[in-house]
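Student: Got a minute to go through this one with me? I'd like to begin with the cysteines.

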Amino acid sequence: RLESSLRIDMTSSAGGIVVRGISIVYGIYLLLPIVLLIVGSFGQSWTNTLLPSGVTGHWYSELWIDPSFRKSFTSSLVVALCTCVINTFLAVPLAYSLYHQSQRRGSMAAKLVSAMPIAVPPITLGFGYMIIFNTDFAPWLGTLPLLIAAHVIQTLPYLTNTLLTDLRHLRLDRLEVAAATLGASSMQQFTSIVVPNLRQSLLSGLVMVAAISIGEFGISNLLASFQNRTYPVVLLQAFYGATGFACAATVVLLLLATASAFASSLLAGKREG
């Protein structure tokens, strides 16, 4: 028994060392490019070396006064805001319907449709949009409404699945039955029970949707015209110029993503609390 216990302890210790080693390697792999981007954003010049030479902060001032980046930043915010608003009106009733029809015929088809943008690569959707909306019947390629619609289709499953998970966790069907016995209609049950209880998950899901929309590149690069280019599209073009300028622009995008992730986790923590 003593030998068996020692073997178990040694195995557990070795397993712990392996897990810690993998975690350290993964952390370095994830954080090293971010650290280099931050360092590069303050470097005077950076060409064919591991680290930049010189220290400066003028890349951020140039980024602030650059009209193309200011316009693309505004476009990204507009697209993300419109995407969040449209997703709110689509995802809440869709998740509610999937929750109540989970055992009915046709529910699987609805789930597949809602999950299709996740399963299908964004570039495939982008090329499909280019073929459909670059015709005389639908000449909308390059327009802002088409770009917003593409972002909605791309992000809708994430918000829907977030709300659906919360509905299953809250078990609101019991409250709905109690409300029905008191004479509440289906619409009254939806507005007075479902919507208020989904408030926290809806907010955290919308923060996630906004983060995905702002950082989305594949579809935006294919569909956006020169006038409504989003921030990631202009960011790629910046890397063909000054490296420090491109690093500074990337750091701004990282700060937005970090703030969104922090806000989403904070809202999720309040919901669990």
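Student: Is Cys-84 buried or exposed?

Tutor: Cys-84 is buried, at a relative accessible area of 12%. Keep in mind that this is a predicted model.

Student: And Cys-247, buried or exposed?

Tutor: Buried too: Cys-247 has a relative accessible area of 2%.

Student: How many disulfides are there?

Tutor: Zero disulfides in this structure.

Student: Why no bond for Cys-84?

Tutor: The distance is the reason. The closest cysteine sulfur to that of Cys-84 belongs to Cys-82, and because the two are 9.4 Å apart, that is too far for a bond. For a disulfide, the sulfurs would have to be within 2.5 Å.

Student: OK, switching to the overall fold. How many helices and strands does the chain have?

Tutor: The chain has 12 helices and two strands. Going from the N terminus, you get one helix, then both strands, then helices for the rest of the way.

Student: Which residues does α1 cover?

Tutor: Helix α1 spans residues 2-41, and Tyr-29 sits in it.

Student: Tyr-29, is that buried or exposed?

Tutor: Exposed, with 67% relative accessibility. Tyr-29 is also part of a nonpolar surface patch, together with Tyr-26, Leu-30, Leu-31, Val-35, Val-39, Leu-50 and Leu-51.

Student: What accessible area does that patch have together?

Tutor: About 880 Å². For the chain, the exposed area is about 16,400 Å², with 70% of it supplied by carbon and sulfur atoms.

Student: Now the inside. What percentage of the residues count as buried?

Tutor: 34% of the 273 residues.

Student: Which residues in the largest nonpolar core touch the most other members?

Tutor: Leu-159, Leu-163, Leu-167, Val-194 and Leu-202, out of 20 residues in that core. Two or more core residues come from each of α3 (67-100), α6 (144-170), α8 (186-197) and α9 (199-215). The largest share is from α3, which gives seven residues.

Student: Which residues is Val-194 in contact with, leaving aside neighbours within four places in sequence?

Tutor: Tyr-96, Leu-167, Leu-172, Glu-176 and Gln-189.

Student: What other core lies apart from the largest one?

Tutor: There's another of 14 residues, including Leu-63, Tyr-231, Ala-246 and Ala-248.

Student: Last one: among contacts between residues at least 6 apart in sequence, what percentage join residues at least 24 apart?

Tutor: That comes to 71% of those contacts in the chain.

How values were computed:
Residues numbered from 1 in each chain as written. Predicted model: local features only at pLDDT ≥ 70, side-chain atom pairs only at ≥ 80, totals over all residues. Heavy atoms only, no water. Buried < 20%, exposed > 50% of the residue type's maximum accessible area, 1.4 Å probe, protein only. Patch = residues over 30% accessible without salt bridge, like charges linked within 9 Å, V, L, I, M, F, W, Y side chains within 5 Å. Areas by Shrake-Rupley, 256 points an atom, 1.4 Å probe, with all protein chains shown as cover. Salt bridge = Lys/Arg side-chain N within 4 Å of Asp/Glu carboxyl O. Helix = DSSP H or I, 4+ residues; strand = E, 2+ residues; numbered from the N terminus. Core = buried A, V, L, I, M, F, W, Y, C linked by side-chain atoms within 4.5 Å. Contact = heavy atoms within 4.5 Å.
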